[in-house]
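Please open the model in your viewer and keep the sequence beside it, since each stop on this tour begins with something to select. Take the stops in order, and rotate the view freely as you go.

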Amino acid sequence: MDTDEMLDTPTLAAQLRQPHGDAAPAVADSMNRSNAGLNHAAIDALAVRPEEFVLEIGPGNAAFAPALLEAPGSRYLGIELSLEMVHAGNARLIAAGLADRAALQLGDANALAQDDATVDAVLAVNTSYFWPVLLPVLGEFARVLRPGGRLCLAFGDPIFMRTLPFTAHGFHLYSRDEFQHALHASGRFTRPSWHSHQETGTSNDGRQLRKHFHILLARRR
């Protein structure tokens, strides 16, 4: 099923934020195909170590969770706004034999349920578009991370993102400088390292375009 042909632009934007209803499985599959390269680049940057506990924000149906669990003894929790994705992701983890150390649960990045200083690494790929203000979310990440814990965020460059029609419907497009300023203003993270991720992909109307993303990695002070 091609979600671009099924859904009008505002509906697609809403589904990308929170997959729901009958369209949710197709939307999740479409996101997994579109975001595979970026997810794997971010996972490589995060470099999960043995016995670490990883918190992922907005993992969809957990398609990339197994790649975060390759380190021996690592553990994983995905935080999702979508109940459909929580169910689908947990089913995927059970089928993969990972349910003893991985799960998805409903939640919001603005108010995480995790205790203070209990997480070794936080990952968020293509989810910052749904954070109206950066500082409260970064504050939550700092709260749950242990000192020295790692934060990895991957997001589209605003110039590229504005070429995608659905981003005009409620997406918050932050620049690399805005992220760097917010991290500095929080006072709780080291200066981030940056990686530019570019790849060729297909737009909603069938055009081939060059995608441009940023991947940042910072440590909790």
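Select Gly-187, the residue that follows helix α8 and has a positive phi, near 70°. The model in front of you is predicted, and every value on this tour is computed from it.

From Gly-187, step back into helix α8, which covers residues 176-186, and colour Phe-179, Gln-180, Ala-182 and Leu-183, the buried residues of this helix. If you now look down the axis of α8, these buried residues fall within an arc of 165°, so they line one face of the helix. On the other side of α8, select Asp-177, His-181 and His-184, which are exposed.

Phe-179 leads to the next stop, because Phe-179 is in the list of contacts of Trp-131 and contact here means heavy atoms within 4.5 Å. Select Trp-131 and show what surrounds this residue: leaving aside neighbours within four places in sequence, Trp-131 is in contact with Ile-57, Ala-109, Ala-124, Val-137, Phe-141, Leu-153, His-172, Tyr-174 and Phe-179. Which residues touch the most other members of the largest nonpolar core? They are Ile-57, Trp-131 and Phe-141, in a core of 71 residues. Helix α3, residues 24-46, gives the largest share of this core, with seven residues. As a general background to this stop, nonpolar side chains in soluble globular proteins tend to be buried together.

Next, turn to the aromatic rings, of which the structure holds nine pairs. Select Phe-130 and Phe-171, whose rings form an edge-to-face pair with 4.9 Å from centre to centre and 70° between the planes. Phe-130 lies in the loop between β4 and α6, while Phe-171 lies in the loop between α7 (158-161) and α8, so this pair ties together parts that are 41 residues apart in sequence. Add Phe-166 to the selection: the rings of Phe-166 and Phe-171 have their centres 5.5 Å apart and their planes at 55°, so this second pair is tilted. Are these phenylalanines buried or exposed? Phe-130 and Phe-171 are both buried, and Phe-166 is buried as well. With Tyr-129 selected too, you have one aromatic cluster, formed by Tyr-129, Phe-130, Phe-166 and Phe-171.

Now show the charged side chains, among which five salt bridges are counted. Begin with Asp-116 and Arg-143, whose side chains meet at 2.7 Å, N to O. This pair links distant parts of the chain, for Asp-116 is in the loop between β3 (102-106) and β4 (119-125), Arg-143 is in helix α6 (residues 134-144), and the two are 27 residues apart. Asp-116 is exposed, with a relative accessible area of 52%.

Another salt bridge joins Arg-146 and Asp-120, with the closest N and O atoms 2.8 Å apart. Arg-146 lies in strand β5 (residues 145-156) and Asp-120 in strand β4, so the bridge ties together parts that are 26 residues apart in sequence. Arg-146 is partly exposed, at a relative accessible area of 30%, whereas Asp-120 is buried, at 16%.

Then select Arg-49 and Glu-52, whose side chains form a salt bridge at 4.0 Å, N to O. Arg-49 counts as partly exposed, with 40% relative accessibility, and Glu-52 counts as buried, with 8%. Include Arg-150 in the selection as well, since Arg-49, Glu-52 and Arg-150 are linked in a network of salt bridges.

For the last stop, select Gln-15, which is placed in helix α2, residues 9-17, and counts as buried at 5% relative accessibility. A polar atom of the Gln-15 side chain lies 2.9 Å from the backbone oxygen of His-20. Not counting residues up to four places away in sequence, Gln-15 touches Leu-7, His-20, Ala-23, Ala-24 and Val-27.

From that list choose Ala-23, found in the loop between α2 and α3 and counted as buried at 10% relative accessibility. Under the same limit on sequence neighbours, Ala-23 touches Leu-7 and Gln-15. Finally, draw a line from Ala-23 back to Gly-187: their C-alpha atoms are separated by 41 Å, and the two residues are 164 residues apart along the chain.

Technical notes. Residues numbered from 1 in each chain as written. Predicted model: local features only at pLDDT ≥ 70, side-chain atom pairs only at ≥ 80, totals over all residues. Heavy atoms only, no water. Buried < 20%, exposed > 50% of the residue type's maximum accessible area, 1.4 Å probe, protein only. Helix = DSSP H or I, 4+ residues; strand = E, 2+ residues; numbered from the N terminus. Arc of directions from axis to C-beta. Core = buried A, V, L, I, M, F, W, Y, C linked by side-chain atoms within 4.5 Å. Polar contact = N/O pair within 3.5 Å; in protein donor to acceptor, adjacent residues only side chain to side chain. Phe/Tyr/Trp six-rings, centres within 6.5 Å; stacked < 30°, edge-to-face > 60°.
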